[in-house]
Amino acid sequence: MLDTRLRSLLIILLVFASPAFALDREALLDEANLLLLPRARTLPSIELVDQDGQPFSTASLRGRWHILFFGFTACPDICPTTLSDMRRLFARLPADDRQQLQLVLISADPARDTPQRLKTYLDYYRAGFSGLTGEMAQLQRLSKALGLPFVPASETQGDYSVSHSGNLALVAPDGTLRGHIRAPLKLEGLQQALPRIIESER
């Protein structure tokens, strides 16, 4: 009996350690335009405010998977496209996996993006997305830690824009940065890859 169990265990280990399995995993990530980091990165302690006006810290990211990106409510193209695409993606995921994921828009334009404005903007998508805003110094610290750069507007009066990355960051339930979903989003690939990644942490 013991020999049979050992033999089964060895077979499993050989399969997962095989070059074919590694190639399959890399192909899956490539199809999703998803880059996983070789090692998890701890995020600094940062204090922000969510779309309901409630305090939010990086410690609040613990407990479920989060997909975060920087943008702003007056964004003419990247942000609405990203939110629409992610709404479609989340609707395609199995219910259990969907419950493990939270999408968060972090404002790169705190001068205009009040919590109420974020809430109104995100409620339009009816997908349960969250928003964060706060002091520019805190936002820039988080931007650097997540590897999602943006350039603060030099002028915050009138009609202005903000330059920001179109990539998204993937944060695990332990609150560490695990990788990036790169633009352009590949929804079919993400639909296959995200459940596999979520399952690996259960």
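Cys75 lies in the loop between strand E4 (65–71) and helix H3 (78–92), whereas Cys79 belongs to helix H3 itself; helices (H or I, at least four residues) and strands (E, at least two) are DSSP runs numbered from the N terminus. The model is predicted, so local features need pLDDT of at least 70 and side-chain atom pairs count only at pLDDT 80 or more, while totals for chains, interfaces and linings use all residues. Residues are numbered from 1 along each chain as its sequence is written, and side-chain values use heavy atoms, with hydrogens and water left out.

According to the unreviewed UniProt entry, the annotation "binding site" covers Cys75, Cys79 and His164. These residues are spread over 90 residues of sequence, yet they cluster in space, with a largest C-alpha distance of 9.9 Å. Such annotations may be inferred rather than shown by experiment.

The table describes the two cysteines. Buried means under 20% relative accessible area, exposed over 50% and partly exposed in between (1.4 Å probe, protein chains only). Contact means heavy atoms within 4.5 Å, and neighbours within four places in sequence are left aside.

| Residue | Relative accessible area | Contacts |
|---|---|---|
| Cys75 | 7%, buried | Pro80 and His164 |
| Cys79 | 0%, buried | Phe69, Gly71, Phe72, Tyr121 and His164 |

His164 is thus in contact with Cys75 and with Cys79.

Helix H2 (19–31), strand E1 (34–42), strand E10 (176–181) and helix H7 (187–200) each supply at least two residues of the lining of the largest pocket. In that lining, 10 residues are nonpolar (Ala, Val, Leu, Ile, Met, Phe, Trp, Tyr, Cys and Pro), 5 are charged (Asp, Glu, Lys and Arg) and 1 is polar (the others, Gly among them).
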